[in-house]
Amino acid sequence: MVGLQDRVQALLSAHKPEESFYVFDLGQVKQAYKEWTRVFPTIRPFYAVKCNPNKRVLKTLARLGASFDCASPKEIETVLELGVTPDRIIYANPCKHPGAIEFAAQRGVSVTTFDSLCELEKIHKIAPCMQLVLRIRADDPTAQCALGNKYGAEPDTIEELCQRAAELGLSIVGVSFHVGSGARDTSAHARAIEKSFKTFQTARAHGHSPWLLDIGGGFTSDIHKFSEKINEKIFDLFPGVTVIAEPGRYIAESIGTLVTPVIGVKGESLTIDESLYGAFNCVLFDHAQPEPLVVTDKIKKNKILFGCTCDGMDTISTSILLPDMEVGDWIIWPRMGAYTLAATTAFNGIQFNKRKIYYL
């Protein structure tokens, strides 16, 4: 962390910024990708663009050979513009706007997910040649962000979905799941892989020939604690099957550092040039608990930390350890690359979504 602080101080001295800014370490992108391929040598990573759609991050991953999990036409277009071929994209959104299905098909993106009869009917009507991946529900109840409440076919619907797809002449080529973003239970993926195996059997019983297993995302930076059980289950149950994953947080989280100036001091509260409507949307949407890096000899106290909008609910933390600070002091926030900049707004006319980014 001392090295990070030194680099930030050098940027402050050289550029003299007045507003909050990000530091993106593209070398960390390469390191994370390399580590993924080492720990999961048989699982092809499809980076979840939604996590951090920064074009330089995407370009770095594309050059490394990564593929991409896209959830909208805009994400698909962004990736294609980098020269990525459509076969390196999975349209991993189980509920798509009809026009979005048509867009993906026209651009040559042929693999997409579904989890309902409604989606089957839409695809049959608009793009019947698309290859379908049946997303099943497989939760980690301890995950940072649950997804199963919205997506994933329940066990008692899988038979019907496989049968209806066959009746419509659609091809189920695989099974996918997502245990939840920020997974904590090291057995969750293994249990989901077992459910996927049963779903493969059901699909085959209805005339489909699945060849793809998508184990989703949800991985934290410590992928090693998940690797043994995942690799073992895949080896036992899915020999010869193409296996992919959708890591977003794992790759993006540690590449981004946010640096914010203090702009107000009142009693034991501080206001910074950021907001829950900006980078700290991750506190609301991602259940994140950002930890500041402040290297100082001053005694740290519990402070209230406010965002800079006029909304009284814009309270980043009601109790966070910080020293006494003055207007113009800077706070460094490591590990702010995932689900931060991607979901910012322009509330109060403040361009949280247009922060300056410095690259290392």
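## Strand pairing, salt bridges and a positive patch

Strand 2 and strand 3 (residues 67-70) pair in the parallel sense over three bridges, where pairing requires that DSSP finds at least two bridges between two strands, and strands (E, at least two residues) and helices (H or I, at least four) are DSSP runs numbered from the N terminus. This is a predicted model, in which local features need pLDDT of at least 70 and side-chain atom pairs count only at pLDDT 80 or more, while totals for chains, interfaces and linings use all residues. Residues are numbered from 1 along each chain as its sequence is written, and side-chain values use heavy atoms, with hydrogens and water left out.

Within the first pairing, Y47 stands opposite F68 in strand 3. Strand 2 also pairs with strand 9 (residues 242-245), again in the parallel sense over three bridges, and here I43 stands opposite V243. Five of the six residues of strand 2 (residues 43-48) are buried, so the strand is largely enclosed by the rest of the structure; buried means under 20% relative accessible area, exposed over 50%, and partly exposed in between (1.4 Å probe, protein chains only).

Strand 3 also holds D69, which forms a salt bridge with K50, the closest N and O atoms being 3.2 Å apart, under the criterion of a Lys or Arg side-chain nitrogen within 4 Å of a carboxyl oxygen of Asp or Glu. Because K50 lies in the loop between strand 2 and helix 3, the pair ties together parts that are 19 residues apart in sequence. D69 counts as buried at 1% relative accessibility, whereas K50, at 33%, counts as partly exposed.
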